[in-house]
Amino acid sequence: MLSDKPVPGSGCRTVKTGRNTEEYHVIGGDVAGLCAAFVAKERGHEVTLYEAGEKLGGNMRLAAYPPGKGDITNMIRSYIHRCQKDGVEIKLNHEVTADFIKEENPDSVILATGSRTLVLPIEGIDHPSIIYGSDLLEGKRAAGKKVLVVGGGMVGCETAAFLGEQNHEVTVIEFRDIVGADVIHEHRVYLMKDFEEYGIGQITGAKVCRFFEDGVEYETADGEHHEAGGYDSVVLSMGYRNYNPLEEQVKAIVPDTYVIGDAIRARRALDATKEAYDVASQI
């Protein structure tokens, strides 16, 4: 049996074994899915990766749009290249169902279905005028001149900087006392410079309790209710929630089924790819 010491991350080398070839289905083409696919393929298995959309990279691809984060695309391109070089079969625009898995009957399934925009049960949040931050970054929806970004964590702050760079008048509203509370210090320093440069306004300590077409109603710590209105667009950027609709059904068909990355919990790409590597190199 030949083996290489693993080095997790975008440049990881993978273990090569003499195991019998098995058929792996990887469901989802985010960075975790891509990493799991090329690791499994380099171990000698037949691997097919299915992506429901027309592009690979998942939310990691969207993260490359805000100012100063374009280098993220290099990681995505590297993973796609590894899959193509190794011979992973990639099928885009392919929504996988439990019936499809039953028909295909693979030896193992890796679910990397990622995460989707977090939508809390707040009155008016489903109004058609509300723009999801992911749709904005992908160019599916366009914002007006004056924009309110709901959510001041990393996702919301980066969305605000993206809009500010494009000369929108932007205000961020956040539940916590400061914006960017979940951002590592080094990155937050640059984000706050963007806020200053683009004149991005901040409303903090504000719990949004109702959405309007042109703004929101919010409650402060003292129990007082206020309104922030008069905006051309309201952008929802409160983060992401795991998306894992297939696990229970697929495990009943293929016991050797694993869930990785944001499909478990939305988090950093480093965590998702390490998990993908660990799973794909051990099964």
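Two strands pair if DSSP finds at least two bridges between them. Strands (E, at least two residues) and helices (H or I, at least four) are DSSP runs, numbered from the N terminus. This is a predicted model: local features need pLDDT of at least 70, side-chain atom pairs count only at pLDDT 80 or more, and totals for chains, interfaces and linings use all residues. Residues are numbered from 1 along each chain as its sequence is written, and side-chain values use heavy atoms, with hydrogens and water left out.

**Exercise 1. The sheet**

Task: Find what stands opposite Ile-110, and which strands stand at the edges of the sheet.

Solution:
- Start with the order. The open sheet has five strands, E3-E2-E1-E4-E15, with parallel pairing.
- Look at its edges. E3 (89-91) and E15 (257-259) each have a single partner strand, so one side of each lacks a neighbour in the sheet.
- Now take E4 (residues 108-111). Three bridges join E4 to E15.
- Ile-110 stands opposite Tyr-258 in E15.

**Exercise 2. The core**

Task: Name the residues that touch the most other members of the largest nonpolar core.

Solution:
- Define the set. A nonpolar core joins buried Ala, Val, Leu, Ile, Met, Phe, Trp, Tyr and Cys residues through side-chain atoms within 4.5 Å. Buried means under 20% relative accessible area, exposed over 50%, partly exposed in between (1.4 Å probe, protein chains only).
- The largest core has 34 residues, and Ile-110 and Ile-260 touch the most other members.
- Sort by element. Two or more residues come from each of E1 (23-27), H1 (31-42), E2 (46-50), H3 (72-86) and H9 (269-282).
- H1 gives the largest share, nine residues.
- Check the contacts (heavy atoms within 4.5 Å). Ile-260 touches Ala-32, Ala-36 and Val-279, among others.

**Exercise 3. Helix H9**

Task: Compare the expected span of H9 with the distance between its end C-alpha atoms.

Solution:
- The expected span is 1.5 Å times one less than the number of residues.
- H9 has 14 residues, so it should span 20 Å; its end C-alpha atoms are 20 Å apart, which agrees.
- Buried residues of H9 include Ala-272, Glu-275 and Val-279. The buried residues of H9 pack against H1, H2 (58-62), H3, E4 and E15.

**Exercise 4. A salt bridge**

Task: Decide whether each partner of the Glu-174 and Arg-176 salt bridge is buried or partly exposed.

Solution:
- A salt bridge puts a side-chain nitrogen of Lys or Arg within 4 Å of a carboxyl oxygen of Asp or Glu.
- Here the N to O distance is 2.7 Å.
- Glu-174 has 7% relative accessible area, so Glu-174 is buried.
- Arg-176 has 35% relative accessibility, so Arg-176 counts as partly exposed.

Methods
Lists of a residue's contacts leave out its neighbours within four places in sequence.
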